[in-house]
Amino acid sequence: METGSTADTGTTRDEPVWTGLPPGLLRMRRLLLVVWLGLLTVGLGLLLSLVVGPAWAAFALLPLALMAWGWVMLGHNWRSWRYAERADDLLISRGVLWQEETVVPYGRMQLVEVTSGPVERHFGLASVQLHTAAAATDATIPGLDPDEAERLRDRLTELGEARSAGL
């Protein structure tokens, strides 16, 4: 057996280099989960205690079980999101149970937007929205650092203009 052999290097060059989403997106989503389900738990507990009786207030703990399940599922969902820039297209992969991979050719892109709502801005995040001629291939990459979102927008716009010039 040879050491340092480069016989298999041809297959690795064709593999996309995947980039995952930053952990800030997971923190934001988990905080929103805790806030909303925490408020629901307190409100439901008070309502059941006042209307039906204190013993029934224990049913208000059900949203806490949902919170624990949601916490785990948000982590799985966050890990499933990734994107890769290739020579001719952008790949976006996501999904835990139903995995979906979207391929957006640079020459088909019509518009690349960077958006950031108030909650995203608070957490220092932005999303990149890709629009193509076919509405079915529109794609989004959520929860990026704003600098990375702007870099990606500029790069995709530049590549899109270069590829569409030949059409």
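Strand β6, residues 126-132, is joined to β7 by four bridges, and the two run antiparallel. I start there, and I should say at once that this is a predicted model. Within that pairing, L130 has A139 of β7 as its bridge partner.

These strands belong to an open sheet of three, ordered β5-β6-β7, with antiparallel pairing. At the edges are β5, 109-115, and β7, 139-144, each of which pairs on one side only. Direction ignored, neighbouring strands in this sheet are turned against each other by 15 degrees on average.

There is also an open sheet of four strands. Its order is β1-β2-β3-β4, and the pairing is antiparallel. Here the edge strands are β1, which covers 19-20, and β4, which covers 100-105; each has pairing on one side only. Strand β3, residues 89-94, runs antiparallel to β4, and six bridges join the two. In that pair, L90 stands opposite V104 of β4.

Now the core. In general, nonpolar side chains in soluble globular proteins tend to be buried together. The largest nonpolar core in this model has 24 residues, and L90, I92, L130, I141, L144 and L156 have the most contacts inside it. At least two residues each come from α2, β3, β5, β6, β7 and α5, the last of these being 146-164. The biggest contribution is from α5, which gives four residues.

Take I141 as an example. Which residues is it in contact with, leaving aside neighbours within four places in sequence? They are L21, W81, Y83, L90, I92, A126, S127, V128 and L152. Two of those names, L90 and I92, were also in the list of residues with the most contacts inside the core.

Last, the helix pair. Two packed helices are described by the angle between their axes and the distance between the axes. For helix α2, residues 23-51, and helix α3, residues 62-80, the axes come within 10 Å and cross at roughly 170 degrees. Angles over 145 degrees count as roughly antiparallel, so α2 is roughly antiparallel to α3.

On the α2 side, the contact is made by P23, L25, L26, R29, R30, L33, V34, L37, G38, L40, T41 and L44. On the α3 side, the residues are P63, L64, L66, M67, G70, W71, L74, G75, N77 and W78. By type, the residues of this contact divide into 15 nonpolar, five polar and two charged.

To recap the sheets: β1-β2-β3-β4 is one open sheet, and β5-β6-β7 is another.

Methods:
Residues are numbered from 1 along each chain as its sequence is written. This is a predicted model: local features need pLDDT of at least 70, side-chain atom pairs count only at pLDDT 80 or more; totals for chains, interfaces and linings use all residues. Side-chain values use heavy atoms; hydrogens and water are left out. Axes are lines fitted to C-alpha atoms, for helices over the stretch in contact, and angles run from 0 to 180 degrees between N-to-C directions. Angles under 35 degrees count as roughly parallel, over 145 as roughly antiparallel, 65 to 115 as roughly perpendicular and the rest as oblique. Contact means heavy atoms within 4.5 Å. Ala, Val, Leu, Ile, Met, Phe, Trp, Tyr, Cys and Pro count as nonpolar, Asp, Glu, Lys and Arg as charged, and the others, Gly among them, as polar. Two strands pair if DSSP finds at least two bridges between them. A nonpolar core is a set of buried Ala, Val, Leu, Ile, Met, Phe, Trp, Tyr and Cys residues joined through side-chain atoms within 4.5 Å. Buried means under 20% relative accessible area, exposed over 50%, partly exposed in between (1.4 Å probe, protein chains only).
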